[in-house]
Amino acid sequence: MNRSKAQMNAFERQLTCLIEQGYSSGLAHAVRQNSSLYPLRIWVVDNSGSMISGDGKRLVETSKRSKVKLVSCSRWAELQECVVYHANMAALMDAPTRFTLLNDAGFQARQEYGVAIGGVDRSSSSVESDVQFLTGSLKQISPSGVTPLARHIDDIYDTVSAFEPELRQNGQRIVVVLATDGLPTDGTGVPSSTAREIFEHALKRLMCLPVWIVVRLCTNVRSLCLSRLYLFLNYAYAFLYFLKYCHFIQDKSIVRYYEGLDSALEVNLDVLDDFLDEAKEVYMHNPWLCYGLPLHRCREMGFHNQLLDLIDERPLTVDEISDFMCLLCHGMPRVDPMVDWELFCDNIAIALKSEQKQWNPVSRQMTPWVNINMLHRKYGKYSTVYSRIAKMKWIFDDPNWFAKVVIMFIAIYIAWKI
C-alpha cells in the first residue's frame, strides 16, 4: 500500500514538473506512460573535432517566459545543453539512460555515464549525483577525434541482444539516440564509402532487435538558395562565402544521407534536425501547428508515435489531426471532424484555453499550440459538401467573379514561371 501511494505521488510530481516545463497535458501523460515501454535509453554523443563549429544555437529564457533569445554557440555547446536536459529528464522520470561519448575523452572525463541506472530502486539523491557528475564532466571535454559510429553500433548490439528475450516477452524496446554532426568515418577520420557500408550493415543488424533509433543531427542546415544568395551579396568576400557555401552543401549532404537510410536500408528510424530547422520542416507541411520545444524534446528522447514521425514529412490527414489533438490535449472530447468540423474546431479552441502558449520558432513569439484560423483555411473544406459550397459562395455572389478567377490563375502562372 505504501509503495503504491509512493508511486502515485511520484506520478503526480512528474506530471506537475512536465507541465511546468511547458508540456501540454496530453504530452505530459503520454510521456509518463510511454517511458515504461523503454527500460533503457542509450545515447551516443558525438564529441568529434567537427563539433567545435560555431554554428550552433541555444535557446535562453529571459526573466519573462514570453521572451526567448537565440544565442549563437558551438555545436558542442548546443549538444551539451541537449544532453543535460535529457539527463535531468531521465532523473525525473526514473528512466535508466546511458550516455556514451563517441571518442575517448582521455584524462578529461570518462567515456560512459549512467543516469537512473537501476530505476526506481535508486534513491533520488543518488540519481541527482549522476546528473551532476555528467554535467560537470561535459564542461571539461574539448571535442576532438573522428566519427566511429559503426563501432558503437556494434557495442549497442551486444548490449541489446543480451536482453532480447525479456524485451520481446514484455513488448518493450530500447531507445538508441545517435547525436552526431557527421558521416561515419574510418579510423583515420575519412568518411569513405567503405566506412558508410560498415555503418549501414551494423545499423541494419541492430534494427533486427527490439530497438527504436533516433538520429539527432547537430548540423546547421540552410537552404542552398540562401547560400547562393550569399555569394552575390558582397563580391569582396566572394572567396569566404564560397567556403561557407561549400560547408552548407556538406551539411545538406549529411542530412540527406541519414534521411535516406530508412528507405535505402528498409529500416524505421526518426531523423531530427536541430529545433529551428525541424520547426521549419513541420511548418512547410503543417503550418497550423506550433512546433513547441516540448514536441522536439519528446522526439529526441525516443517518444515513438507515428504522428510525430509524420508531422515533418507530409500534411496530416483530417483523421490524423483528430488523433494528434487527443495526444496533445488530455481529455479532449473526440468528435469526428468529417461529420462535424465546426464542433471539432470548437473543442480544440476550448482545450487550448487550459494549455500554456509555446514559443513559436517560426513566428518567434508566443502562440497557442494550434492556429485555429490556419486549420480552418487548410482543412475546413473536408467538413461537409454544404460547407465547401458556402465557403465558395462569396466568389460566385460577386458579379465580377469570373474576372477574379482568371486573374488568380494568371498570377499563379506568373509566380510559377518566375
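Q: Which residues of helix α2 are buried?
A: In α2, the residues to be named are those that count as buried, a term for under 20% relative accessible area, with exposed for over 50% and partly exposed for values in between (1.4 Å probe, protein chains only). Helices (H or I, at least four residues) and strands (E, at least two) are DSSP runs, numbered from the N terminus. The buried residues of α2 are Ser25, Gly26, Leu27, Ala28, His29, Ala30, Val31 and Asn34.

Q: How many of the 10 residues of helix α2 are buried?
A: The model is predicted: local features need pLDDT of at least 70, side-chain atom pairs count only at pLDDT 80 or more, and totals for chains, interfaces and linings use all residues. Residues are numbered from 1 along each chain as its sequence is written, and side-chain values use heavy atoms, without hydrogens and water. Helix α2 covers residues 25–34 and is largely enclosed by the rest of the structure, because the number of its 10 residues that are buried is eight.

Q: What is the angle between helix α5 and helix α6?
A: Two packed helices are described by the angle between their axes and the distance between the axes. Axes are lines fitted to C-alpha atoms, for helices over the stretch in contact, and angles run from 0 to 180 degrees between N-to-C directions. Helix α5 (residues 149–170) and helix α6 (residues 193–206) have axes 8 Å apart, and they pack at an angle of about 20°.

Q: Is α5 roughly parallel or roughly antiparallel to α6?
A: Helices α5 and α6 pack at an angle of about 20°. Angles under 35 degrees count as roughly parallel, over 145 as roughly antiparallel, 65 to 115 as roughly perpendicular, and the rest as oblique. The angle therefore makes the relation of α5 to α6 roughly parallel.

Q: Does α5 pass α6 in a left-handed or a right-handed crossing?
A: A crossing is left-handed if the near helix is turned anticlockwise from the far one by less than a right angle, and right-handed if clockwise. For α5 passing α6, the crossing is left-handed.

Q: How many salt bridges does the structure hold?
A: Side chains of opposite charge can pair when their charged atoms come close. A salt bridge is a side-chain nitrogen of Lys or Arg within 4 Å of a carboxyl oxygen of Asp or Glu. The number of salt bridges in the structure is 13.

Q: Which residue forms a salt bridge with Asp55?
A: The closest N and O atoms of this pair are 2.8 Å apart, and the partner of Asp55 is Arg75. The pair links distant parts of the chain, 20 residues apart, with Asp55 in the loop between β1 (41–45) and β2 (56–61) and its partner in helix α3. Asp55 is buried because its relative accessible area is 16%. Also buried, with a relative accessible area of 3%, is the partner, Arg75.

Q: Which residue meets Asp270 in a salt bridge?
A: Asp270 and its partner meet at 3.3 Å, N to O. Asp270 lies in strand β8 (residues 269–272) and Arg299 in helix α11 (residues 293–300), so the pair ties together parts that are 29 residues apart in sequence. Asp270 is buried, with a relative accessible area of 5%. The partner, buried at a relative accessible area of 1%, is Arg299.

Q: What is the distance between the closest N and O atoms of Asp312 and Arg299?
A: Asp312 and Arg299 are both buried. In the salt bridge that Asp312 forms with Arg299, the closest N and O atoms are separated by 3.2 Å.

Q: Is Asp94 buried or partly exposed?
A: Asp94 is in the loop between α3 and β4 (97–101). Its phi is near 55°, a positive value in a residue other than glycine. Because the relative accessibility of Asp94 is 23%, this residue counts as partly exposed.

Q: What is the relative accessibility of Arg364?
A: Arg364 lies in the loop between β9 (358–360) and β10 (365–367). Although Arg364 is not a glycine, it has a positive phi of about 60°. Arg364 counts as partly exposed, since its relative accessibility is 46%.

Q: What distance separates the C-alpha atoms of Asp46 and Trp76?
A: Asp46 is found in the loop between β1 and β2, and it counts as buried at 0% relative accessibility. Asp46 and Trp76 are 30 residues apart along the chain, and their C-alpha atoms are separated by 8.3 Å.
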